[in-house]
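Here are some notes on the model you sent, set out as numbered points. Please read them with the sequence and the structure open beside you.

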Amino acid sequence: MGKDIPYIHDTRYTKKWVLKEGAKVSNIEFKTTEQALILYCDYKKILQSKIDSVCKKIGFDDSKIQWKIYNPKTNKISLNQMFVGLNGKDYGYCSPRENIICISTLSIQKDASNSLLKKYNTLLRLEKDTDDFLANVIIDEITHIQTQSNHGSLVYDKKFKDNVIKYYLSPLDRIMLKIK
């Protein structure tokens with residue numbers, strides 16, 4: 001557990017993960033019919049950590065967003081007023097009018113599956129952290145909410161590029177990019 005995750009392991013009383021005092025937690029719900037409570041806790045922790053990271057870096061307040069985790073293999077999704085990319089139903093989709101962002105278990109698994117290797121390589125500076133799949137899905141959905149627009153529109157594309165730059169580049173790198 002890193003310092004970005006708002007949970008601590010309370011071994012004194014409950015022997016469960018509990019919320020750190022004063023920690024901010026997004027409104028996340030697991031949209032499934034399966035009995036997957038243990039997976040839900042892991043998915044929720046991974047997603048919460050990534051939401052916090054993305055929102056902090058791009059300067060987005062998600063307090064009015066309802067986040068949902070869904071399993072694309074078992075859940076039927078309603079696409080009424082939803083923005084979905086080419087394979088979006090497999091990874092994420094949103095309803096900007098209702099401030100709902102849905103992130104699939106597949107997206108979360110892609111993040112969790114390589115996180116140790118990624119952290120190791122980043123710490124050793126073997127590779128720069130430039131392709132964070134779950135962060136990209138979250139940035140995409142947040143951009144739909146911010147712009148109320150879909151892929152291909154000028155306003156969406158400009159804001160998406162701006163959010164990606166904010167997430168991946170340090171403030172110094174962003175200044176250097178403007179100078180060039």
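1. Which cysteine sulfur is closest to the sulfur of Cys94, and why is there no bond between the two? The model, which is a predicted one, places the sulfur of Cys102 closest, at 8.3 Å from that of Cys94, and this is too far for a bond. A disulfide would need the two sulfur atoms within 2.5 Å, and the structure as a whole holds zero disulfides.

2. The cysteines deserve a word on exposure as well. Cys94 has a relative accessibility of 0% and therefore counts as buried, and Cys55, at 8%, counts as buried too, because the cut-off for that class is under 20%.

3. Cys94 belongs to strand E5, which covers residues 92-95. Along this strand Gly92 and Cys94 point one way while Tyr93 and Ser95 point the other way, yet all of these residues are buried.

4. The partner to consider here is strand E6, made up of residues 100-104, which pairs with E5 in the antiparallel sense over four bridges. Within this pairing, Tyr93 stands opposite Cys102 of E6. The two strands form a hairpin with four residues between them, and in that hairpin Asn99 takes a positive phi, near 55 degrees.

5. Ser104, which lies in E6, merits a separate look. With a relative accessible area of 0%, Ser104 is buried, and its contacts, leaving aside residues up to four places away in sequence, are with Tyr70, Pro72, Asp90 and Tyr91. A polar atom of the Ser104 side chain also lies 3.1 Å from the backbone nitrogen of Ser107.

6. For helix H5, residues 133-147, the length can be checked by simple reasoning: at 1.5 Å a residue, its 15 residues should span 21 Å, and because the end C-alpha atoms are indeed 21 Å apart, the model agrees with that expectation.

7. H5 is also mostly covered, since twelve of its 15 residues are buried. The buried residues include the hydrophobic-looking names one might look for, among them Leu134, Val137, Ile138 and Ile142, but Asp140, Glu141 and His144 are buried as well. The residue that follows H5 is Gln148, whose phi is positive, near 55 degrees.

Notes: Residues numbered from 1 in each chain as written. Predicted model: local features only at pLDDT ≥ 70, side-chain atom pairs only at ≥ 80, totals over all residues. Heavy atoms only, no water. Buried < 20%, exposed > 50% of the residue type's maximum accessible area, 1.4 Å probe, protein only. Polar contact = N/O pair within 3.5 Å; in protein donor to acceptor, adjacent residues only side chain to side chain. Contact = heavy atoms within 4.5 Å. Pairing = 2+ DSSP bridges. Expected span 1.5 Å × (residues − 1).
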